Amino acid sequence: MKNMLENNRTQDETISVSRAEYEAIKAHNAELTQRVEWLMEQMRLTRQKRFGASSEKSIYDNFNLFNEAEVTADKRIVEPELTEIQKHYRQKAKESKEKLPADLPVEVVEHFLPEDEQACPECDSKLHIMGKEIRRELKIIPAQAVIVEHINYVYACRNCETNACGVPIVKAPRDKPVIKGSFASAEAVAHIMTQKFANGLPLYRQ
């Protein structure tokens, strides 16, 4: 019982300070509160600057950086309405040769089968050239442009043509173009990329 009275007396005790000390503590608490608010504001501004959306945007932001032609295109152009048509089949379109300039010099690169592969896979007789496939591409050399014409020879067996029912056809190895269906060579692609991304020259000026 005595201990309980002593504990209650201790809890009810108050600490007396002078007016000057009280004012000093009050001013110190106000200063701490103001400093905490300032630090919280700085944290909010830093978070907004790092993760928030920027108000200074240009038409070339993000993925539009290298598509200025598409970004600056006339937005008033309306895409034509698509109409479903009956399914049909057509032959594979051949590569157009009229797109390449006719006044450029032509560099011919011939591709032959190696000697050890010029044998018929059926009867092992020597193959002969029965035709060729031609693929043309535009090659750009700094301050110079030429057309490279790749000729891939097609081989057949004369013995099978005479004595067999079927004739095996073997083609010389053919290098794949850099871009399928395009006449751009590796040199042309490298030149365009250098002008575009290294020198900053837009595509419509090349």
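Buried means under 20% relative accessible area, exposed over 50%, and partly exposed in between, with a 1.4 Å probe and protein chains only. By that rule, 17% of the 206 residues in this chain count as buried.

This is a predicted model, in which local features need pLDDT of at least 70, side-chain atom pairs count only at pLDDT 80 or more, and totals for chains, interfaces and linings use all residues. Residues are numbered from 1 along each chain as its sequence is written, and side-chain values use heavy atoms, leaving out hydrogens and water.

**Start with the whole chain**

Colour by pLDDT, the predictor's confidence in each residue, from 0 to 100. The chain averages 78, with 72% of its residues at 70 or more. Now switch to cartoon: you should find five helices and four strands, in the order α-α-α-β-β-β-α-β-α from the N terminus. Helices here are DSSP runs of H or I with at least four residues, strands are runs of E with at least two, and both are numbered from the N terminus. Helix α1 (residues 2-12) has the lowest mean pLDDT among the elements, 53, while β1 has the highest, 91.

Turn on the surface, and the chain exposes about 18000 Å², 54% of it supplied by carbon and sulfur atoms. Accessible areas come from the Shrake-Rupley method with a 1.4 Å probe, and for residues only the protein chains shown count as cover. As for contacts (heavy atoms within 4.5 Å), residues 24 or more positions apart account for 57% of those with a separation of 6 or more.

**Select V36, M40 and M43**

These three form a nonpolar surface patch with about 300 Å² of accessible area together. Patches take residues with over 30% relative accessible area and no salt bridge, joining like charges within 9 Å and nonpolar side chains (Val, Leu, Ile, Met, Phe, Trp, Tyr) within 5 Å. M40 sits in helix α2 (residues 19-51) and is exposed at 52% relative accessible area.

**Select F112 and Y153**

Here is the one aromatic pair in the structure. The ring centres of F112 and Y153 are 4.6 Å apart and the planes are at 15 degrees, so the pair is stacked. For the cut-offs, rings of Phe, Tyr and Trp (its six-membered ring) pair if their centres lie within 6.5 Å; planes under 30 degrees apart count as stacked, over 60 as edge-to-face and the rest as tilted. The partners are 41 residues apart, with F112 in the loop between β1 (106-111) and β2 (127-141) and Y153 in strand β3 (residues 144-157). F112 is partly exposed at 43%, whereas Y153 is buried at 12%.

**Now the salt bridges**

There are nine in the whole structure, each a side-chain nitrogen of Lys or Arg within 4 Å of a carboxyl oxygen of Asp or Glu.

- K139 and E107: the closest N and O atoms are 3.9 Å apart. This pair joins strand β2 to strand β1, 32 residues apart.
- R174 and E133: the closest N and O atoms are 3.4 Å apart. R174 is in the loop between β4 (169-171) and α5 (186-198) and E133 is in strand β2, so the bridge ties together parts 41 residues apart in sequence. R174 is partly exposed at 41%, and E133 is partly exposed at 24%. Add K171 to the selection and you have a network of salt bridges linking E133, K171 and R174.
- R135 and E137: the closest N and O atoms are 3.0 Å apart. R135 is buried at 5%, and E137 is buried at 11%.
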